[in-house]
Amino acid sequence: MATTLVAEDVNFISIEKLEAPLKALTKIRYNQKAEEEATLTPLPDGKVRVDFANPQRAITPGQAVVFYDGETVIGGGTIV
């Protein structure tokens, strides 16, 4: 169980770039039934720190994390 992950190779779709912390819903598994509340924070090296409201099971490096605003995809990246 962990409450934080870092994502690299982040691609934003519905925003140009992340300039300040942003609340979002996230998925760390394709078959995850519900999105989890989190805060996205930009890091100086282009990576994004994701701080979950609730601990998450089996955060796995190499897997994808996707960020949502309701039904809209904000973007996503690779968990490091």
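## Reading an all-strand model

Author: With 80 residues, a compact globule would have a radius of gyration near 12 Å, and this protein agrees because its value is 11 Å. That radius is taken over C-alpha atoms, and the globule rule is 2.2 Å times the number of residues to the power 0.38. Please keep in mind that this is a predicted model, in which local features need pLDDT of at least 70 and side-chain atom pairs count only at pLDDT 80 or more, while totals for chains, interfaces and linings use all residues. Residues are numbered from 1 along each chain as its sequence is written, and side-chain values use heavy atoms, with hydrogens and water left out.

Reader: Thanks! How many helices and strands does the protein have?

Author: Helices (H or I, at least four residues) and strands (E, at least two) are DSSP runs, numbered from the N terminus. Here there are zero helices and six strands, so the order from the N terminus reads β-β-β-β-β-β. The C-alpha atoms fill a box of roughly 30 × 25 × 20 Å along the principal axes.

Reader: What share of the residues counts as buried?

Author: Buried means under 20% relative accessible area, exposed over 50%, and partly exposed in between, with a 1.4 Å probe and protein chains only. By that yardstick, 32% of the 80 residues are buried. Thr 41, in strand 3 (residues 36-42), is buried because its relative accessible area is 14%. Val 6, in strand 1 (residues 2-12), has 24% and so counts as partly exposed.

Reader: And which residues does Val 6 touch?

Author: A contact means heavy atoms within 4.5 Å. Leaving aside residues up to four places away in sequence, Val 6 touches Leu 43, Lys 47, Val 48, Arg 49, Thr 78, Ile 79 and Val 80. With the same exclusion, the contacts of Thr 41 include Lys 47, Val 48 and Arg 49, along with Leu 18, Pro 21 and Asp 51. Across the protein, residues 24 or more positions apart account for 54% of the contacts with a separation of 6 or more.

Reader: Which residues have the most contacts inside the largest nonpolar core?

Author: A nonpolar core is a set of buried Ala, Val, Leu, Ile, Met, Phe, Trp, Tyr and Cys residues joined through side-chain atoms within 4.5 Å. The largest one has 16 residues, and those with the most contacts inside it are Leu 5, Phe 12, Leu 40, Val 48, Val 50, Val 65 and Phe 67. Strand 1, strand 3, strand 4 (48-56), strand 5 (64-69) and strand 6 (72-79) each supply at least two of its residues. Strand 1 gives the largest share, four residues. Val 65 touches, among others beyond four places in sequence, Leu 5, Ala 7, Ile 28 and Ile 79.

Reader: What should I look for in the backbone angles?

Author: Most residues other than glycine have a negative phi. Asp 9 is not a glycine, yet its phi is positive, at about 50°. Asp 9 lies in strand 1 and counts as exposed because its relative accessibility is 62%. Ala 58 also has a positive phi, near 55°. Ala 58 sits in the loop between strand 4 and strand 5, and its 43% relative accessibility is why it counts as partly exposed.
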